[in-house]
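Trainee: Please take a close look at a single part of this protein and explain in detail how it is put together. I should also like to know what surrounds it.

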Amino acid sequence: MRIGSLLVILAFSGCDLFGGGGGGGNTGGGTGSFDFTKGFTYVRKDDRNVYAVNDSAVDEPAALTAGLSAYTPSFSPNKKTIVFVQGCGDSSSIATVPSSGGAVSTLLSASAQMKDLKTPVYSPDGAYIAFSYLNGSVTEVAVMNADGTGVTPLGVNGSLSYASPTWSPDGTALYVAAGGALGLTQVEKIVVASNSVSNVTNTLGNEARTIAGRLVASPDGSTLVFDGEVGSGATRIFTLDVSSKTVTLVYAGENGANESFPTWVDGSTVAFSSDSGGNDNLYSVALPSSTSPSLLVPKAIEGWYSR
């Protein structure tokens with residue numbers, strides 16, 4: 001699959017977003033065996049390992065990595081594999097680990113033209129992984145085969161920064177957070193096969209100023225959820241209706257707290273990280289909006305639900 005290249009203004013550097021070649025090592029694994037069925041993968045701020053936990057036993061998580069400085073894990077469609085970023089900047093890599101436990105495999109390591117690898121996500125059929133990276137002073141978006149081969153830059157728009165790719169449900173397109181000097185203030189859509197780019201929205205509504213960390217398409221593709229920075233500097237969870245362009249604040253949050261890295265539990269429920277009360281936990285809210293979030297997983301950030 002050959003797709004054109006995308007040159008964009010730098011959106012992030014180093015590990016700011018988080019507060020090649022294929023093939024690689026098999027190190028850093030955690031637990032030897034875990035019976036994962038359905039639930040979350042996430043990391044903990046204190047050790048930055050990848051964890052998996054079942055909905056039926058949220059107080060019994062399994063550590064799947066050890067000492068790898070992991071970020072933003074997400075599941076393959078069959079829930080058997082978790083892809084994540086290890087390290088950051090010049091030493092970052094994209095790696096996988098079985099959700100049942102086992103060896104960590106490095107798919108792609110940072111290179112001179114591809115540094116600061118971020119937010120890898122599987123395509124709906126599990127055949128590809130989309131991610132963003134830093135090339136010199138600009139960011140770019142790319143896809144690769146699920147085994148780490150065939151890395152191919154995406155896009156044609158040289159005037160916008162792109163970040164946090166998320167697949168459309170049919171796997172034909174990516175939605176990306178986009179913007180320029182003022183930050184990621186809009187959303188674009190890239191059709192993969194034709195390498196064509198179209199604008200979804202130029203505005204994030206009246207409250208969100210920029211997309212802070214993650215943009216994710218709903219199971220049916222009708223809605224995008226994102227964490228937006230508001231005027232106070234805190235981050236809150238918003239939804240964007242792809243058709244009407246309506247942006248809705250999902251949960252207002254507590255003063256001084258931040259909600260970030262949303263993930264879809266189902267078509268009407270969103271989970272997210274929150275540091276409310278000085279703790280790091282995963283919560284959920286029912287759409288379209290709620291004032292009463294439900295605690296899902298304690299001591300967890302950057303969660304992703306298996307669905």
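Mentor: Two strands are said to pair if DSSP finds at least two bridges between them. That rule applies to the part I have chosen, an open sheet of four strands in the order β5-β6-β7-β8. The model is a predicted one, and the pairing within this sheet is antiparallel. At its edges are β5, residues 70–75, and β8, residues 105–109, each of which pairs on one side only. From one strand to the next, the twist averages 25°.

The edge at β5 deserves the closest attention. Four bridges link β5 with β6, residues 81–86, in the antiparallel sense. Within this pairing, S74 is placed opposite V83 of β6. As a general matter, side chains in a regular strand alternate between the two faces of the sheet.

What, then, does T41 touch? Leaving aside residues up to four places away in sequence, its contacts include P73, S74 and F75, as well as I82. The residues P73, S74 and F75 fall within the range of β5, 70–75, and I82 falls within that of β6, 81–86. T41 itself belongs to strand β2, residues 39–43. Because its relative accessible area is 0%, against a limit of under 20% for burial, T41 counts as buried. Its side chain makes a polar contact with the backbone oxygen of Y51 at 2.8 Å. Other contacts of T41 include V50, A52, E302, G303 and W304.

The strand that carries T41 is part of another open sheet of four strands, ordered β4-β3-β2-β25 and paired antiparallel. There the edge strands are β4 (62–63) and β25 (301–305), each with pairing on one side only. Three bridges join β2 to β25 in the antiparallel sense, and F40 has Y305 of β25 as its bridge partner.

A further point concerns S123, which lies in the loop between β9 (115–122) and β10 (128–135). Its contacts, not counting residues up to four places away in sequence, are P77, Y128 and W167. Is S123 buried or exposed? It counts as buried, because its relative accessibility is 2% and the limit for burial is under 20%. A polar atom of the S123 side chain lies 3.3 Å from the backbone nitrogen of A127.

For comparison, consider another stretch of antiparallel strands. β17, residues 210–217, pairs with β18 over five bridges, and V216 has V225 of β18 as its bridge partner. These two strands form a hairpin with five residues between them, and G221 in the turn has a positive phi of about 80°. β18 is also joined to β19, residues 235–241, by seven antiparallel bridges; L224 is partnered there with L240. This second pair is likewise a hairpin with five residues between the strands, and G233 in its turn has a positive phi of about 95°. Six of the seven residues of β18 are buried, so the strand is largely enclosed by the rest of the structure.

These parts belong to a protein with 25 strands and zero helices. Of its 307 residues, 52% count as buried. The protein exposes about 11,800 Å², of which carbon and sulfur atoms supply 47%.

Key: Residues are numbered from 1 along each chain as its sequence is written. This is a predicted model: local features need pLDDT of at least 70, side-chain atom pairs count only at pLDDT 80 or more; totals for chains, interfaces and linings use all residues. Side-chain values use heavy atoms; hydrogens and water are left out. Axes are lines fitted to C-alpha atoms, for helices over the stretch in contact, and angles run from 0 to 180 degrees between N-to-C directions. Buried means under 20% relative accessible area, exposed over 50%, partly exposed in between (1.4 Å probe, protein chains only). A polar contact is a pair of N or O atoms within 3.5 Å; within protein, one must be able to donate a hydrogen and the other to accept it, and residues adjacent in sequence count only if both atoms are side-chain atoms. Contact means heavy atoms within 4.5 Å. Accessible areas come from the Shrake-Rupley method with a 1.4 Å probe; for residues, only the protein chains shown count as cover.
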